Amino acid sequence: MDGIINVLKPVGMTSTDVVRWLLRKTKAGKAGHIGTLDPGAAGVLPICLGKATRLAEYHSDQGKSYRAEITLGITTDTQDAFGQELSRIVPIVSREQFVNTLENFLGVIEQEPPMYSAVRKNGRHLYEYARQGIDVAREKRQVEIKRLDLVEWHEETFPRVLFDVECSKGTYIRTLCHDIGVALGCGAHMSFLLRLGAGKFTLDSAYTLEEIDQTLAGGDEHMLLAPEWGLTLPKASIPAYRLAAFRNGLSTGGDLVDAEVYGEQLPVQVFCAGRFIGIGNWENGCLCPNKVMG
């Protein structure tokens with residue numbers, strides 16, 4: 001089985017749990033997820049199966065969108081609702097102050113990866129250090145926040161706020177919540193997270209594990225998307241007589257290629273007679289095979 005299934009990940013499973021579950025159900029041989037979702041989060045988690053895993057890196061580069069809830073005034077060691085409480089300050093923050101603060105986080109910002117994360121330092125995951133009570137220095141990373149919209153404000157002793165986020169890959173939403181709390185002077189943690197989209201994969205086209213199980217049991221594979229589905233890379237087409245050359249790793253001169261862009265460093269999707277055959281790169285005016293799919 002080669003392709004992608006857009007899974008609606010439930011709360012309580014790790015992204016790897018979902019991959020293993022789908023491998024058992026499909027017997028695809030190999031599988032990989034597009035972007036990681038924490039165990040406490042739910043939402044869109046596309047899973048690449050079989051040959052599609054070779055394209056996972058291109059899917060993962062695409063932007064993400066979320067609906068998150070931030071609870072103001074309470075901080076935790078994991079920056080979400082599953083950690084140990086570290087501080088509690090009754091916030092004096094208005095809805096208007098919150099909205100004004102959000103604007104300061106738009107654009108390219110720096111984030112320090114949380115200690116409870118899968119980021120590696122000296123060969124070990126940061127969460128392994130955190131579980132031993134060791135705090136290690138972490139390099140900040142640049143991410144881009146493209147949109148922040150307040151959805152609901154719940155006026156309580158510790159206000160809860162639902163907001164939507166569109167961001168680049170690699171953005172930690174719980175760190176965003178933590179940093180917003182710091183900026184407001186009261187601290188905060190992420191109390192809910194739902195991924196609404198990953199690239200072109202959306203929540204309304206995602207399947208629950210129960211739906212996938214029932215559909216596969218009936219021999220129906222309509223939910224399986226083509227490996228290249230959702231890719232936003234530029235497209236290029238080579239003539240049929242160059243297909244064997246592409247499959248054998250040989251480049252094709254730019255004058256023989258019908259492409260949306262020429263001579264760029266970005267990878268492109270390569271087609272032949274309307275059929276997707278892989279990923280290519282431009283080198284010295286020629287289109288070179290990078291990933292050969294068929």
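Here is a short chat about the salt bridges in this predicted model.

Student: How many salt bridges does a search of the whole structure find?

Tutor: Good place to start! Side chains of opposite charge can pair when their charged atoms come close. Searching the whole structure for such salt bridges gives a total of 12.

Student: Which strands hold E69 and R160?

Tutor: These two residues form a salt bridge, with their closest N and O atoms 2.6 Å apart. The pair links distant parts of the chain, as the residues lie 91 residues apart. E69 sits in strand β4, and R160 in strand β11.

Student: Is E69 buried or exposed?

Tutor: Let's use the cut-off: buried means under 20% relative accessible area. The value for E69 is 10%, whereas its partner R160 has 25% and counts as partly exposed. So E69 is buried.

Student: What about D135: is that residue buried or exposed?

Tutor: D135 forms a salt bridge with R138, and their closest N and O atoms are 3.2 Å apart. A residue counts as exposed over 50% relative accessible area. D135 has 60%, so D135 is exposed.

Student: Which residue meets D149 in a salt bridge?

Tutor: At 32% relative accessibility, D149 is partly exposed. The partner is also partly exposed, at 27%. The N to O distance in this salt bridge is 2.3 Å, and the partner's name is R147.

Student: Which residues are joined into one network by salt bridges that share partners?

Tutor: We have already met two of the members, E69 and R160, as a pair. With shared partners, the network consists of E69, E156 and R160.

Terms used. Residues are numbered from 1 along each chain as its sequence is written. This is a predicted model: local features need pLDDT of at least 70, side-chain atom pairs count only at pLDDT 80 or more; totals for chains, interfaces and linings use all residues. Side-chain values use heavy atoms; hydrogens and water are left out. A salt bridge is a side-chain nitrogen of Lys or Arg within 4 Å of a carboxyl oxygen of Asp or Glu. Helices (H or I, at least four residues) and strands (E, at least two) are DSSP runs, numbered from the N terminus. Buried means under 20% relative accessible area, exposed over 50%, partly exposed in between (1.4 Å probe, protein chains only).
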